[in-house]
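Visitor: Could you take me slowly through one part of this model, the place where its two domains meet? I would like a careful look at that part alone.

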Amino acid sequence: MTSAVGTSAAETLATATLAGKRVLLVVSGGIAAYKALELIRLLRKQGCGVTCVMTRHAERFVTPLSLQALSESKVYADLFSLTDESEMGHIQLSRAADLLVVAPASADILAKMTAGLADDLASTVLLATDKPVLVAPAMNVRMWLHPATQANLSLLRQRGVRVIDPTEGAMACNEFGPGRLAEPADILTAIEGILAPAPASVRTPLAGRHALVTSGPTHEPIDPVRYIANRSSGRQGHAIAAALAALGARVTLVSGPVSVPDPAGVTVRHVETAREMLDACQTALPVDVAVFAAAVADWRVEQESAGKIKKQPGVEPPSLRLVPNPDILAAIAAAGPARPALVVGFAAETDDLMANAQSKLRRKNADWIVANDVSPATGIMGGAQNVVSIVSAAGIEEWPRMDKDEVARRLAQRIAASLG
Ligand code: CTP
């Protein structure tokens, strides 16, 4: 068999970890269906068996013959083909596989998976399986960003479906943005991660490390029933704590009042005010890395009223005198010998994002600032996604829009690499 595509660096590095494994590859309709051919080639090169199921729309973009030639296996498409059912029913197709991979996964097949529809062979196989499932979405940028698609993906993730996010770039529909199928080499890496996981030293590079994370808003009391707060949900900080714990770190999460649940496997210190947050952080030292994701209130009311402030007929509303809160990041970064080896801050800005992030990096003596634009139009504050740039003395690294969980995973990996 000849191959139409050259050998990539990732492929050269890959060892035959997938030998003897079997992938059931579901190819759904979309211009990216042609990349399934390259994925099949990479899998076969590692000795991984590949059986393909195509949707009817996929056949418009790539021929069954091409998939068959590369996979060296029969290609299935028809739910009611008597031959297919007698040779290998839809249940049998999933039984014979170690992993189901949907690449490309169209918005339509993701919606079917979410709803539990089974109106063709591809969706029926996905409903009938008890094997792990990996989806690699690819679609037009607006379809990808549509709340319906995002809600479907979030539900699929909760059900345990693994997702390899699309990348950002120029698309076949002449638009630019997220929605391009992940590179076949990256999908291959994700498959290896599921079917041939790396040894513990690679999976838990932060074992033996202590991480401190702040998250959520702070509440600054005015009187026993009123307080000053902000819109932070705590999602990003909590996701970072979970991602660091997943890499083996012992994590202390100092959280302001939030409605997101405590992450599993993390020690959580619940606080209300900025001063309590600072106390809890100082108590947690020494740590190897500290990530300050909390949206700490900059000011508090100078004199909190002991009793509820009452309205007085004919009397002017009260004026609140504010005083600055301590800067927790700056205090921990200035902790002398107790300073963590790596101090990571956030800069949530609505204007002059990069200039402000760079100034915070210097002013607060942080090693990295994760900069994000929280203008209302971005939907980031309180939303499920984030667009961040990592600002450090080495320069600025822009990351594409992705789920806050994915930002957290990547940041945790970066931290692990930096701590060595
Ligand atoms: N931060 C902190 N303690 C504070 C204020 C901020 O630890 N009292 C941390 C935040 O957790 C974040 C970084 O400092 O990691 C920047 O926070 P941000 O609110 O963006 O900046 P501020 O210092 O509050 O400056 P400004 O309000 O002028 O933007």
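Guide: Between domain 1 and domain 2 of this predicted model, 2 residue pairs are in polar contact, with both residues of each pair at pLDDT 80 or more. Sorted by class, the side of domain 1 that touches domain 2 holds 1 nonpolar, 1 polar and 3 charged residues. The count of salt bridges between domain 1 and domain 2 is 1, and arginine 157 forms a salt bridge with aspartate 403, where the closest N and O atoms are 2.5 Å apart.

To place these residues along the chain, it helps to know that the domain assignment gives domain 1 as 7-195, while domain 2 is made of 202-302 + 317-419. The C-alpha centres of domain 1 and domain 2 lie 36 Å apart, and where the two domains meet, 5 residues of domain 1 are in contact with 6 residues of domain 2. Together, domain 1 and domain 2 bury about 490 Å² between them, and 41% of this area is on carbon and sulfur atoms. On the domain 1 side, Arg157, Asp165 and Glu168 supply 58% of the area buried against domain 2, which is more than any other three residues supply.

There is also an enclosed space to consider. The count comes to 1 cavity of 30 Å³ or more, and the largest cavity has a volume of about 40 Å³. Its lining draws at least three residues from each of domain 1 and domain 2. Trp144, Asp165, Pro166 and Pro178 are among the residues that line the largest cavity, and Gln385, Arg401, Met402 and Asp403 line it as well. By class, the lining of the largest cavity divides into 4 nonpolar, 1 polar and 3 charged residues. Two names return here from the meeting of the domains: Asp165, listed among the residues that supply buried area, also lines the largest cavity, and Asp403, the partner of arginine 157 in the salt bridge, belongs to that lining too.

Key: Residues are numbered from 1 along each chain as its sequence is written. This is a predicted model: local features need pLDDT of at least 70, side-chain atom pairs count only at pLDDT 80 or more; totals for chains, interfaces and linings use all residues. Side-chain values use heavy atoms; hydrogens and water are left out. Domain bounds come from an automatic or database domain assignment. Contact means heavy atoms within 4.5 Å. Buried area is the accessible area (1.4 Å probe) that two parts lose on being put together, summed over both. A salt bridge is a side-chain nitrogen of Lys or Arg within 4 Å of a carboxyl oxygen of Asp or Glu. A polar contact is a pair of N or O atoms within 3.5 Å; within protein, one must be able to donate a hydrogen and the other to accept it, and residues adjacent in sequence count only if both atoms are side-chain atoms. Ala, Val, Leu, Ile, Met, Phe, Trp, Tyr, Cys and Pro count as nonpolar, Asp, Glu, Lys and Arg as charged, and the others, Gly among them, as polar. On a 1 Å grid over the protein atoms alone, a cavity is a set of points where a 1.4 Å probe fits but cannot get out, and a pocket is an open set with protein on both sides within 12 Å along at least five of seven lines; lining residues have an atom within 4 Å of a point. Grid points are joined across faces, edges and corners, and a volume is the space filled by probe spheres set on the points.
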